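Trainee: Please give me a close look at one part of this model, beginning with a single position and then setting it in its surroundings. I would like the cut-offs stated as you go.

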Amino acid sequence: MKILLVDDDPVARSIHSALLRLHGHEVVEAADGEAAWQMMQAGQISFVVSDWMMPNLAGVDLCRRIRAAAFEHYVYVILCTAKGEKSDLIEGMDAGADDFLVKPIGAEELRVKVRAGERVLSLEHGLADKNRELAGINSRLQSAYALIQEDLKAAAWMQERLLPPAALASHGVRCEGRLQPSGYIAGDIFNFFPLDEEHIGFYLLDVAGHGVPAAMLSVTLSMVLAPDQMEGSPLRRYDYVADTSEAMPPGDVIRELNRRFQAKDDRYFTMVYGLIDTRSQRLRIAQAGHPSPVLLRRDGQREILGTGGMPVGLWPEMEFDCIETFFYQGDRLLLYSDGVTECMNDAGEGFGEARLLQYLDRERGQPMDKMLTGLLAEIGEWHEGKEFNDDISLLTIEMA
Amino acid sequence: MRFDDYKSGAILVAKVLDGRIAADVAPRFKEALIEYVAQGNRAIVLDLSDVTFIDSSGLGALIASLKVIGPDGELVLSGAQETVMSMFKLTRMNKVFRMFSDVDSAITALS
């Protein structure tokens, strides 16, 4: 190690220099503090052994300058004092000295104190290297993260495009929906569409879990359930002879989805699929393990449709029951995902079905989009502004 | 994901000590149950009396474990609280898993 030895006494300087060289160190010498300071500024010196009492610049002041300069590398400073009095030691430590040697300096004492300093410096070098490495890693992580976020935002945009547009209406039935992913993209998805001259189909589904894998399945399902698909669509039954098709009953639609989407990795989904016959005003709904839709009747009554069902994708060969009722003018139906009712406040209480129903009873007179926006706001308040940990989706349909 | 487990004859009783079985712990939950099955346990009572919340991932893990234990094994649930029970009813899991109000009735039924 290279050591700067500072002493105005040439005899002491040459003895100590020799000792240090004997111990394997490279020694550069300075006869006073000012000369030492010039050498510090010029070269890479990390170790200083300096006498205290010197002309031009005392050892303790050299030490102060070194500390104030804040070189990039740490400088280990040993001060040599004649008296070794406590007041000296305190002043020296205050000035930033790392250690002391009391004159006359013994050879062994010099050796071990220099060795202790070597350990400190090696520790500092190790840390400096680690910091550089970490800074490099951090910078690469930031770039990677930025890329991932870009991808997710693009995916979120694509997913939004799959949803029905605002204020969609068909055959006198209007719909409004809201999708609020817990991250960028959602494992929930919904749709509303005319299936043929008389029928309107709609669904809301929730893939187990959330994040990218759930979203990928939800998008796939959305594609499979696209109403403009003719061949092989689970929504329609084809009579190839007569070349006609008819809307499949909801229980059959879900049964077909269950057949096609058996979970390979525990990933199932819950779903409500509904069919409105606009001529007869018949409403049929199949419910696969999904929260029960709420039907708000024009006269103020409120019905909860169904009690549940088996989720989709768990076991092959399942049948799914269908609930039948009527959908009259002025009636409004709400489908929602469990992200709504399971949303927790600070005390760990869920928003719950009761609170949802209270809200609906109060705000059902509002236009659909206001009702949904208001509901999201109420859920947001309940959750007190924290990150949502499940997707929230809402779909409301009204017979005009 | 912590369990308290003990044997009652050939029946393993595993009590879930965590209050929430949600997406973050579901994989470990499933691993633990599969480990119990791998150890040769064919009759398992899962005590859910301390569980206040289970989400879709948790349910997925439960079902996966049921599939692993197979047709000649029994995985039954005991002590499900109201919120957990209503989720089971909504998804018809009360038809898939045998449910008991407490560990003793579960053990009696399995013996």
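Mentor: A residue counts as buried if 20 or more other C-beta atoms lie within 10 Å of its own, as exposed if 12 or fewer do, and as partly exposed in between, with C-beta atoms placed from the backbone. This is a predicted model, in which local features need pLDDT of at least 70 and side-chain atom pairs count only at pLDDT 80 or more, while totals for chains, interfaces and linings use all residues. Residues are numbered from 1 along each chain as its sequence is written, and chains are lettered from A in the order in which they are written.

With that scale in hand, E319(A) is partly exposed because 13 other C-beta atoms lie within 10 Å of its own. The residue sits in the loop between β15 (302–304) and β16 (322–326) of chain A, where strands (E, at least two residues) and helices (H or I, at least four) are DSSP runs numbered from the N terminus. Once neighbours within four places in sequence are left aside, E319(A) is in contact with G251(A) and R255(A), contact meaning that the C-beta atoms of two residues, placed from the backbone, lie within 7 Å. D252(A) is 67 residues away from E319(A) in sequence, yet the C-alpha to C-alpha separation of the two is 7.8 Å.

The chain that carries this loop has 10 helices and 18 strands, and its domain assignment, which is automatic or taken from a database, gives domain 1 (2–129) and domain 2 (162–399). The C-alpha centres of domain 1 and domain 2 of chain A are 77 Å apart, and the C-alpha trace of chain A spans about 115 × 50 × 30 Å along its principal axes. Its radius of gyration is 39 Å, whereas a compact globule of 400 residues would have one near 21 Å; the radius is taken over C-alpha atoms, and the globule rule is 2.2 Å times the number of residues to the power 0.38. Of the 400 residues in chain A, 36% are buried, and among its contacts between residues at least 6 apart in sequence, 65% join residues at least 24 apart. One residue with such distant partners is L395(A), which, beyond its neighbours within four places in sequence, is in contact with C175(A), G177(A), F190(A), F192(A), F202(A), L204(A) and L335(A).

Chain A also touches a second chain: 13 residues of chain A are in contact with 11 residues of chain B. On the side of chain B that touches chain A, α2 (56–69) and α3 (82–90) are the elements that give two or more residues, and α2(B) supplies the largest share, with six residues.

Chain B itself has five helices and seven strands, which follow one another from the N terminus as β-β-β-α-β-β-α-β-α-α-β-α. Its radius of gyration of 12 Å is close to the 13 Å that the globule rule gives for 111 residues, so chain B is as compact as a globular protein of that length. Along the principal axes, its C-alpha atoms fill a box of roughly 30 × 25 × 25 Å. Buried residues are 41% of the 111 in chain B, and residues 24 or more positions apart account for 76% of its contacts with a separation of 6 or more.

Within chain B, five strands form an open sheet of mixed pairing in the order β1-β2-β4-β6-β7, two strands being paired if DSSP finds at least two bridges between them. At the edges stand β1 (3–8) and β7 (99–100) of chain B, each with a single partner strand, so one side of each has no neighbour in the sheet. Strand β4 (43–47) of chain B pairs in the parallel sense with β6 (74–78) of chain B over five bridges; across that pairing, V45(B) has V76(B) as its bridge partner, and L46(B) has L77(B). Strand β2 (11–16) of chain B also runs parallel to β4(B), joined by four bridges, and K15(B) stands opposite D47(B) in β4(B). Five of the five residues of β4(B) are buried: A43(B), V45(B) and D47(B) point one way, while I44(B) and L46(B) point the other way.
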